[in-house]
Amino acid sequence: MTKSCLVIGDLNVDLVLNELKDFPELGKEIVAQNHFIDIGGSGGIFSAVLSELGINTYIISKIGSDFLGQFLISKLKDYGVNTDKLVIKESDETGITINLSYKKDKYQISSLNLVGSLSLNDIAFQNIKDIRHVHFSSYYIMKNLKADYVKLINNIKKNYNNITISLDTNDDPEDRWGEEIYRILGNIDIFLANKKEALKITKESNTGDALNRLNKEVKVVVIKLGSEGYIARDGENYYSGDQLSVNFKDSTGAGDNFDAGFIYGFINNYNIKKSLKIANIVGAKSVKYIGGVGNKEKFFGLKKLVRKID
Ligand SMILES: Nc1ncnc2c1ncn2[C@@H]1O[C@H](COP(=O)(O)OP(=O)(O)O)[C@@H](O)[C@H]1O
Ligand SMILES: [Mg+2]
């Protein structure tokens with residue numbers, strides 16, 4: 001059986017201004033100690049990490065034909081991601097997030113209109129032969145897809161036998177958290193969210209109740225708890241894990257790394273417990289490195305660690 005994953009969702013450039021001390025103020029210039037530019041967007045980071053872990057990965061997302069779009073294609077290819085199905089819009093601007101990074105937290109300023117304009121008709125998965133799993137990233141950012149997810153999932157299921165689907169909603173930048181998400185949950189096999197997202201979506205006040213509510217809709221639910229690790233439920237089976245202690249540098253994309261670790265295990269037919277262990281290790285490893293994807297050295301160490309997990 002082949003083991004390819006198709007990622008449908010957000011991809012943008014991340015510009016990170018690092019180690020800022022002063023806060024922004026209208027009319028004032030503040031200075032960062034350093035900066036870097038990398039693959040951003042939950043779908044972009046997830047794809048690069050999953051591909052580096054060894055899964056053949058395709059991404060469908062919308063970028064411009066500008067230099068930022070070229071940068072993303074070349075970076076994704078470096079990580080082995082198949083970029084053939086990216087939708088490239090002439091004379092439009094590739095999405096970007098500017099991160100103002102402080103010791104404890106960060107400001108994020110995004111321009112994602114093109115990213116959110118990906119539509120059902122843009123998604124040409126039909127001639128990809130060997131898809132085993134589809135991952136949807138950033139439900140709320142993909143505005144143009146919202147009404148069509150169920151149709152898209154049905155089309156995908158018609159095209160591929162026994163395909164499985166995962167979803168990480170990520171944040172709702174409009175802070176609306178509408179009920180319409182429940183329309184697609186029944187079509188999803190694996191639901192991943194962080195604590196805030198799980199509580200907002202279910203309107204519950206604690207993560208245990210949120211887990212159980214979501215499990216009424218989706219068989220496998222994973223809630224990421226940042227510094228408190230994770231909880232998960234697969235049918236009647238409950239799981240939890242503590243955060244692994246590491247030398248913390250930057251939390252960008254920790255959740256996307258966690259997701260990639262989990263889906264790596266799932267696609268390899270490992271059980272849920274083992275897949276969660278891998279996810280937690282990949283999530284922890286990511287915060288030791290600046291940026292969402294990290295670098296080649298990170299993956300060299302990570303692949304060794306993952307192979308040892310039983
Ligand atoms: N400071 C940290 N140290 C170690 N692991 C971490 C740390 N922060 C996050 N992680 C790992 O990354 C996962 C996802 O982090 P979280 O912040 O909850 O998700 P998201 O990035 O989606 O908001 C956690 O469940 C944990 O495995
Ligand atoms: Mg997240």
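A crossing of two helices is called right-handed if the near helix is turned clockwise from the far one by less than a right angle, and left-handed if anticlockwise. Keep that in mind, for helix 8 passes helix 9 in just such a right-handed crossing. We will come back to that pair at the end of the tour. The model you are looking at is a predicted one.

Let us start with the sheets. One of them is an open sheet built from 8 strands, arranged in the order 4-1-9-10-11-12-13-14 with mixed pairing. At its edges you will find strand 4 (57-60) and strand 14 (237-241), each of which pairs on one side only. As you step from one strand to the next, the twist averages 15 degrees. Look at the end where strand 13 (residues 230-234) meets strand 14: these two pair in the antiparallel sense, over 5 bridges. There, Asp234 has Asn237 in strand 14 as its bridge partner.

Two helices that pack on this sheet are worth finding now. Helix 1 touches strand 1 (4-8), strand 4, strand 9 (131-137) and strand 10 (164-168), and its direction makes about 170 degrees with that of strand 4. Helix 5 (residues 195-202) packs on the sheet as well, touching strand 11 (190-194) and strand 12 (220-224). The direction of helix 5 makes about 110 degrees with that of strand 11.

Now turn to another open sheet, this one of 4 strands in the order 3-2-7-8, again with mixed pairing. Strand 3 (34-40) and strand 8 (106-111) each have a single partner strand, so one side of each is left without a neighbour in the sheet. The twist here averages 20 degrees from one strand to the next. Inside the sheet, strand 2 (residues 12-18) and strand 7 (residues 96-101) run in the parallel sense and pair over 5 bridges. If you would like a landmark, find Asp14, which stands opposite Thr97 in strand 7.

Helix 1 turns up here too. Spanning residues 42-53, helix 1 lies across strand 2 and strand 3, and runs at about 80 degrees to strand 3.

From helix 1 we can move on to helix 7. How do the axes of helix 1 and helix 7 (residues 254-267) cross? They come within 8 Å of each other, at roughly 45 degrees. Helix 1 is therefore oblique to helix 7. The crossing of helix 1 with helix 7 is right-handed. On the side of helix 1, Ser42, Ile45, Phe46, Val49, Leu50 and Leu53 take part, and they meet Asp256, Asn257, Asp259, Ala260, Ile263 and Tyr264 in helix 7. Sorted by class, this contact has 8 nonpolar, 2 polar and 2 charged residues.

Helix 7 also has helix 8 (272-286) to pack with. The axes of helix 7 and helix 8 are 7 Å apart, and the angle between them is about 150 degrees. Since angles over 145 degrees count as roughly antiparallel, that word describes helix 7 relative to helix 8. Here too the crossing is right-handed. Residues of helix 7 in the contact include Ala254, Phe258, Gly261 and Phe266, while those of helix 8 include Leu276, Ile278, Ala279 and Val282. The contact of helix 7 with helix 8 divides into 11 nonpolar, 7 polar and 1 charged residues.

These two helices also lead us to the ligand. Which elements give two or more residues to the shell around ligand 1? They are helix 7 and helix 8. In total, 19 residues surround ligand 1, the closest being Asn194, Lys224, Ala254, Gly255 and Gly283. By class, the shell holds 9 nonpolar, 9 polar and 1 charged residues.

That brings us back to helix 8 and helix 9 (residues 296-308), whose axes lie 11 Å apart and pack at an angle of about 160 degrees. This angle makes helix 8 roughly antiparallel to helix 9. Ile278, Ile281, Val282 and Lys285 of helix 8 make the contact with Lys298, Leu302, Leu305 and Val306 of helix 9. What classes do the residues of this contact divide into? There are 6 nonpolar, no polar and 2 charged residues where helix 8 meets helix 9.

Key. Residues numbered from 1 in each chain as written. Chains lettered and ligands numbered in written order. Predicted model: local features only at pLDDT ≥ 70, side-chain atom pairs only at ≥ 80, totals over all residues. Pairing = 2+ DSSP bridges. Axes fitted to C-alpha atoms, helices over the stretch in contact; angles between N-to-C directions. Contact = placed C-beta atoms within 7 Å. Parallel < 35°, antiparallel > 145°, perpendicular 65-115°, else oblique. Nonpolar A, V, L, I, M, F, W, Y, C, P; charged D, E, K, R; others polar. Near = placed C-beta within 6 Å.
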